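Here is a short tour of one protein chain. Keep the sequence and the structure in view as you read.

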Amino acid sequence: MQDAIYPVIGNQRCFPFYLTGVGISSPENHIIRSHGLYSHQILFTREGEGQLYVGNQSLRLKEGCVFYIMPGIPHEYYPVDGNWTTSWVVFQGNNLRHLMQDLEFPSFICRKAADIQPIKKVFENIYASAGDPIRGNEKCSLLIYEYIMAVRRALLFDTDNACPNSVIDAGLIFMNEHYDRDISLGELASLCHISPQHFCRVFRLETGMRPMEYLTQKRILEAKVLLCNTNQSIAEIGRQTGYEDPAYFGMVFKKHEGISPSQYRKSKTPIIL
């Protein structure tokens, strides 16, 4: 059974993401693409097993395995048994190659997802929307972004430690609740039961910044609120936001805001939370 939908490509070329094809292959075919695809591709195994070759890599695609491959990458895959069923989405978009790189996707990545259900759910929505000739193109554009982010979580995080909630949640909550005290990277990683290196990697993928960078921004935000809404001394505000040394607090604040805490207070810049 080969159920595939290939939209007619027209005005959707102006979208940041647009669908070029979506389908379920049961069983999957023997595919050889010596020059790769023109589109970006995401494929996951629903059941059975397949074999994938990309460059010098040989990978067995069991149930729950997901791969992403950029256009122009030669590859080959075929069923290992007669039951290999796949779901695949191919898509394009203006500057999409650069966007995928900014999202830290390599040109090719394949992993077994710890939780395949979020990916399956978005796939089903894309497949259903692709059959709508009226609004399907717009719906699919939005869903492709959602799909990319679901796959990003599955592929770029350590699947041995991954779970439906992010592995960094405990550390992130701790920083938001205890930003006023000394916090070490080791302490945050220990709260999440992972190594400091893995905590840093996942934290950066989730938030776009390093853990201590996030902590500093949280402290500066809270200091700005206190500067605008209380008459407490700058030294006291520094202590309440994790800086025992007033001079160091002033230096960090000025580095981030371009002005000193006292100048900021005089400006009465409104803070909306």
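## Two serines and their partners

The side chain of Ser 87 makes a polar contact with that of Arg 46, at 2.6 Å. The model is predicted. Ser 87 sits in strand β9. Its relative accessible area is 0%, so Ser 87 is buried. Leaving aside neighbours within four places in sequence, Ser 87 is in contact with Gly 23, Ile 24, Ile 42, Leu 43, Phe 44, Arg 46 and Phe 123.

Ser 39 is a second serine to look at. Its place is the loop between β3 (31-33) and β4 (40-47). Ser 39 counts as buried because its relative accessibility is 7%. Which side chains make polar contacts with the side chain of Ser 39? One is that of Thr 20, at 3.0 Å. Another is that of Gln 92, at 2.8 Å. Ser 39 also touches residues beyond these two: not counting residues up to four places away in sequence, the list is Thr 20, Met 70, Pro 71, Val 90, Phe 91 and Gln 92.

The side-chain polar contacts of both serines are set out here.

| Side chain | Partner side chain | Distance |
|---|---|---|
| Ser 87 | Arg 46 | 2.6 Å |
| Ser 39 | Thr 20 | 3.0 Å |
| Ser 39 | Gln 92 | 2.8 Å |

## The buried side of α4

Helix α4 spans residues 169-177, and its buried residues are Gly 171, Phe 174 and Met 175. These residues lie on the same side of α4, because they cover an arc of only 100° around the axis. What covers them? The cover includes α5 (185-192), α6 (196-207) and α7 (211-229).

## Aromatic rings

The count of aromatic pairs comes to 15. One of them joins Phe 199 and Phe 203. Their ring centres are 5.6 Å apart, the planes meet at 35°, and the pair is tilted. Both residues lie in helix α6. They are four residues apart, about one turn of the helix. An α-helix has 3.6 residues a turn, so residues three or four places apart point the same way. Phe 199 and Phe 203 are both buried.

Elsewhere, five residues form one aromatic cluster: Tyr 243, Tyr 248, Phe 249, Phe 253 and Tyr 264. A charged residue joins the picture at Tyr 243: Arg 219 lies over the face of this ring, at 5.3 Å from the ring centre.

## Cysteines without a bond

How many disulfides are there? The count is zero. A disulfide is a covalent bond between the sulfur atoms of two cysteines. For Cys 200, the closest cysteine sulfur is in Cys 192, and the separation of 11 Å is too far for a bond. Is Cys 228 buried or exposed? Cys 228 counts as buried, because its relative accessibility is 16%. Cys 200 has a relative accessible area of 27%, so Cys 200 is partly exposed.

## Backbone exceptions

Most residues other than glycine have a negative phi, and most peptide bonds are trans. Three places in this chain are worth a look.

The peptide bond from Ser 26 to Pro 27 is cis, with omega near 0°. Pro 27 is in the loop between β2 (18-25) and β3.

Asn 95 has a positive phi, near 60°, and is not a glycine. Its loop runs between β9 (85-92) and α1 (96-102). With a relative accessibility of 59%, Asn 95 counts as exposed.

Glu 104 also has a positive phi, near 75°. Glu 104 lies in the loop between α1 and β10 (108-112). Its relative accessible area is 33%, so Glu 104 is partly exposed.

## Across the model

Ser 267 belongs to helix α10, which covers residues 261-267. Ser 267 counts as partly exposed, because its relative accessibility is 38%. How far apart are the C-alpha atoms of Ser 267 and Ala 128? They are separated by 53 Å. Along the chain, these two residues are 139 residues apart.

How values were computed. Residues numbered from 1 in each chain as written. Predicted model: local features only at pLDDT ≥ 70, side-chain atom pairs only at ≥ 80, totals over all residues. Heavy atoms only, no water. Buried < 20%, exposed > 50% of the residue type's maximum accessible area, 1.4 Å probe, protein only. Helix = DSSP H or I, 4+ residues; strand = E, 2+ residues; numbered from the N terminus. Arc of directions from axis to C-beta. Contact = heavy atoms within 4.5 Å. Polar contact = N/O pair within 3.5 Å; in protein donor to acceptor, adjacent residues only side chain to side chain. Phe/Tyr/Trp six-rings, centres within 6.5 Å; stacked < 30°, edge-to-face > 60°. Lys NZ or Arg CZ within 6 Å of the ring centre and 35° of its normal. Disulfide = S-S within 2.5 Å.
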